[in-house]
Amino acid sequence: MPKPATAIRCLLALAALAAVALPASGCGTSNADPERGRTLFKQNCGTCHTLAQAGTTATIGPNLDDAFAAARAAGEGGDTVEGIVKAQVEFPRPSNSNSAVSMPADVVSGQDLEDVAAYVGLYAGVPGAAPPKVPGGAGAQVFANNGCDGCHTLAAASSGGVTGPNLDQVLPGQTAAMIEESIVDPNAHLAKGYPANVMPANFGTIITAKEIEQLVQYLISSTAKGGGKKQQGG
């Protein structure tokens, strides 16, 4: 974890890069929609980045709350964060820890980028940021808090993610034990057509046993009347 002064210097350097990129990005010339940006972030960025307000926990890319916490503490506002996000998306750089890992160029662009950057600018590094409350009980909240709706389609959650299997299709007929295994050990039984190592493998440690039980029961009750094939993978 870098010292605050070092982190701030790095972020100021990124801000300089952002200043170069902003004219091309059209910052300030469109009406960004942060709520739409949240959905786009979960679908396009949440499989690599942790962001508390989005409920995402992936570790392939930087933890965005950690990355911007020092800047927030130093008084930097959302506009600075927004500019940095746009610059990083438009001109991605290899990871400091692994030069072979780099974010794809233009993972979002145009209005999508405006919306995602505005969303991250609002919440990244903000103390206490958390996913909004959702209807459906404790299990539904666990589903939302951990970004499941950004990767999976589930009618009960009004989610339309396509990174992972459609839960309305793959969960009917599965037991609680099978669903729990797919959550805590997602590579154990992969749904047909989906690769390994996409779903985070740390849910068994970051979600409590009680929350996993609530999530499993929510998924069972939400998909009990579905008509998909009986197969594992989550």
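In this predicted model, the lining of the second largest pocket breaks down into nine nonpolar, five polar and four charged residues. The lining runs to 18 residues in total, and those nearest the pocket centre are Lys 42, Val 134, Ala 144, Asp 149 and Ala 157. As for volume, the second largest pocket comes in at about 280 Å³. Several elements chip in with at least two lining residues each, namely α2 (34–44), α6 (138–145), α7 (148–151) and β4 (159–160). Of the contributors, α2 puts in the largest share, with five residues of the lining.

Helix α2 also turns up in the aromatic pairs. Searching the whole structure brings up three such pairs. In one of them, the ring centres of Phe 41 and Tyr 119 sit 5.9 Å apart with the planes at 55°, so this pair counts as tilted. Phe 41 belongs to helix α2 and Tyr 119 to helix α5, which puts the partners 78 residues apart and ties together distant parts of the chain.

Helix α5 (residues 110–123) has dealings with helix α3 (residues 64–73) too: the two axes come within 10 Å and cross at roughly 60°. That angle makes α3 oblique to α5. On the α3 side, the contact is made by Leu 64, Asp 65 and Arg 72, while α5 brings Val 120, Gly 121, Leu 122 and Tyr 123. Sorted by character, the residues of this contact between α3 and α5 come out as four nonpolar, one polar and two charged.

How values were computed
Residues numbered from 1 in each chain as written. Predicted model: local features only at pLDDT ≥ 70, side-chain atom pairs only at ≥ 80, totals over all residues. Heavy atoms only, no water. Axes fitted to C-alpha atoms, helices over the stretch in contact; angles between N-to-C directions. Helix = DSSP H or I, 4+ residues; strand = E, 2+ residues; numbered from the N terminus. Parallel < 35°, antiparallel > 145°, perpendicular 65-115°, else oblique. Contact = heavy atoms within 4.5 Å. Nonpolar A, V, L, I, M, F, W, Y, C, P; charged D, E, K, R; others polar. 1 Å grid on protein atoms, 1.4 Å probe; cavity = no way out; pocket = protein on both sides within 12 Å on 5 of 7 lines; lining within 4 Å. Points joined across faces, edges and corners; volume = space filled by probe spheres on them. Phe/Tyr/Trp six-rings, centres within 6.5 Å; stacked < 30°, edge-to-face > 60°.
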